[in-house]
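User: I'd like to learn how to read a few features of a protein model. Could you take me through them one at a time?

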Amino acid sequence: MQDAPTTISFFEMLTPFVASGKKTITIRDESECHYVPGTQVEVYTLETNIKVCDIKIESVEPILFSEINEFHAQQEYLELPKLKEIISQVYPNTEQLYVISYKLIDPAC
């Protein structure tokens, strides 16, 4: 059995939204779907590998690219066309994806 991941990376432009609690999901492909609900994960910037904050994984649910809608875009804190564009660029020709829901861990706790 594979150990639960303890880190996750986001594009630097998205990390302020993660750190503020405005972005509450990320959509990833099968290679990044092994996060475990209830675990704490450190968030890093993809480009510079700087730690941003910690999050708690709440759920990991399969989704098809064609099922991504405005609700997901709101949770991603992006406009729907921009969200679909980014996913298409990062995971070209990938229909099976996973919604990883998470909650910001208050650094004061």
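**Pocket, helix and charge pairs**

Analyst: Let's start with the pocket: H3 gives the most to the lining of the largest pocket, with four residues. Keep in mind that this is a predicted model, where local features need pLDDT of at least 70, side-chain atom pairs count only at pLDDT 80 or more, and totals for chains, interfaces and linings use all residues. Residues are numbered from 1 along each chain as its sequence is written, and side-chain values use heavy atoms, with hydrogens and water left out.

User: How do I read the largest pocket, and which residues are closest to its centre?

Analyst: A pocket is an open set of points on a 1 Å grid over the protein atoms alone, where a 1.4 Å probe fits and protein lies on both sides within 12 Å along at least five of seven lines; lining residues have an atom within 4 Å of a point. Here the largest pocket has a volume (the space filled by probe spheres set on the points, which are joined across faces, edges and corners) of about 250 Å³. There are 17 lining residues, and Phe11, Thr26, Ile27, Arg28 and Ile86 are the closest to the centre. Strand E1 (7-10), E2 and helix H3 (80-90) each give two or more residues to that lining. These elements are DSSP runs numbered from the N terminus: helices are H or I with at least four residues, strands E with at least two.

User: What classes of residue make up that lining?

Analyst: It has 11 nonpolar, two polar and four charged residues. Nonpolar covers Ala, Val, Leu, Ile, Met, Phe, Trp, Tyr, Cys and Pro; Asp, Glu, Lys and Arg are charged; the others, Gly among them, are polar.

User: Which residues of H3 are buried?

Analyst: Go by relative accessible area: under 20% is buried, over 50% exposed, and in between partly exposed (1.4 Å probe, protein chains only). In H3, Leu83, Ile86 and Ile87 are buried. They cover an arc of only 95° around the axis, so they sit on the same side of H3; the arc uses directions from the helix axis to the C-beta atoms. Pro81 and Gln89 are exposed on the other side of H3. The buried residues of H3 pack against E2, H2 and strand E5 (96-104), with contact meaning heavy atoms within 4.5 Å.

User: Now the charge pairs. How many salt bridges are there?

Analyst: Side chains of opposite charge can pair when their charged atoms come close. The test is a side-chain nitrogen of Lys or Arg within 4 Å of a carboxyl oxygen of Asp or Glu, and a search of the whole structure finds four. In one of them, lysine 23 pairs with glutamate 76, the closest N and O atoms being 2.0 Å apart. Lysine 23 lies in the loop between helix H1 (15-20) and strand E2 (25-28) and glutamate 76 in helix H2 (residues 70-76), so the pair ties together parts 53 residues apart in sequence. Lysine 23 is buried at 1% relative accessibility, and glutamate 76 is buried at 4%.

User: What about arginine 28 and lysine 51: which partners do they have?

Analyst: Arginine 28 meets glutamate 32 (2.7 Å, N to O); arginine 28 is buried at 7%, while glutamate 32 is partly exposed at 25%. Lysine 51 bridges to glutamate 42, with the closest N and O atoms 3.3 Å apart. Shared partners join Glu42, Lys51 and Asp54 into one network of salt bridges.
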